[in-house]
Amino acid sequence: MPTFTNPAADAGEAYEALRGLAHASRTFEDPSETYAVIGDLLGGVRSLRQVLDQLATVHLNHQHQVTDESREYGGGSVEAVAAADELHQAGTLIDQAHDRLNAAMTHSGRIVWNPQDRLVERWVGIVFLQGEEAHKVLDLIDAKGAEAGIEHLSQWDYGDETTDAAMEGGYVHDSAPVYTGDRQAETGDYAMTYNPQAGHVALYRRRLIPAEDALDPSDQAHVSARRSAPARETTARRGAVREGGWFEHPGVASVKQSRGLSL
């Protein structure tokens, strides 16, 4: 605890406190606490500036009453004045540090460290086809290019309904999955991966979603599922993945029929 009357003791306390802070500030469990720490350091810098001035004043006030190591009063006076000058120079540098620290505190105060509505970019699964159904799309890609394939597969994108279903099934990814032998093409917010040799094609859409919902399934589980899927099951219900396919919600078939969609 500070004494407020014993400079040597309080200097020792300040040194130990700074040592403790240097150790404790290696990690912050709550980064928002940095603002308060900067504020306390700013106050400490102001006090340090005052201390430097007061130390310089002591040296100047006693310059005629001290000697140097040779017991010379003239030498002692020179050393006292030199020490006071260096302390004043240090105070000038502290002023610059104060201004920088004050600016840092201003910027830090504008940060929202834990936004409740933070959004992140993720890729949601739209459709995955394999077998005969996939070969039709692969033939289209071969004949008219990747953009034609993306445009065709995008017909199975029902907007928020597809996004919600993919999120419920956990098929939300940091990036559109690409596996060994896959090719990839992107147009706008869509990314298509396809593999003519393996006979499958998939479409993903870029989407901003709440950070807390951005959970990715294990890649191994997804790969295993895709490899074991029966060909026909991949064409049923879109939005949730089981055994490698997107499976249809009740009532979606009628929507597809009205849109003229077929697999």
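**Strand E4 and its neighbours**

Both faces of strand E4 are covered in this predicted model, with Tyr190, Met192 and Tyr194 buried on one side and Ala191, Thr193 and Asn195 buried on the other, where buried means under 20% relative accessible area, exposed over 50% and partly exposed in between, with a 1.4 Å probe and protein chains only. The strand spans residues 190-195, and six of its six residues are buried; strands (E, at least two residues) and helices (H or I, at least four) are DSSP runs numbered from the N terminus. Residues are numbered from 1 along each chain as its sequence is written. Because the model is predicted, local features need pLDDT of at least 70 and side-chain atom pairs count only at pLDDT 80 or more, whereas totals for chains, interfaces and linings use all residues, and side-chain values use heavy atoms, with hydrogens and water left out.

Strand E3 (residues 183-187) runs antiparallel to E4 and is joined to it by five bridges, pairing being assigned if DSSP finds at least two bridges between two strands. Within this pair, Ala185 has Met192 of E4 as its bridge partner, and in the hairpin, which has two residues between the strands, Gly188 adopts a positive phi near 60 degrees. With strand E5 (residues 200-210), E4 forms six bridges, also in the antiparallel sense, and Thr193 stands opposite Ala202 of E5. The hairpin of E4 and E5 has four residues between the strands, and Gly199 there takes a positive phi near 75 degrees.

The chain as a whole contains eight helices and seven strands, and 33% of its 263 residues count as buried.
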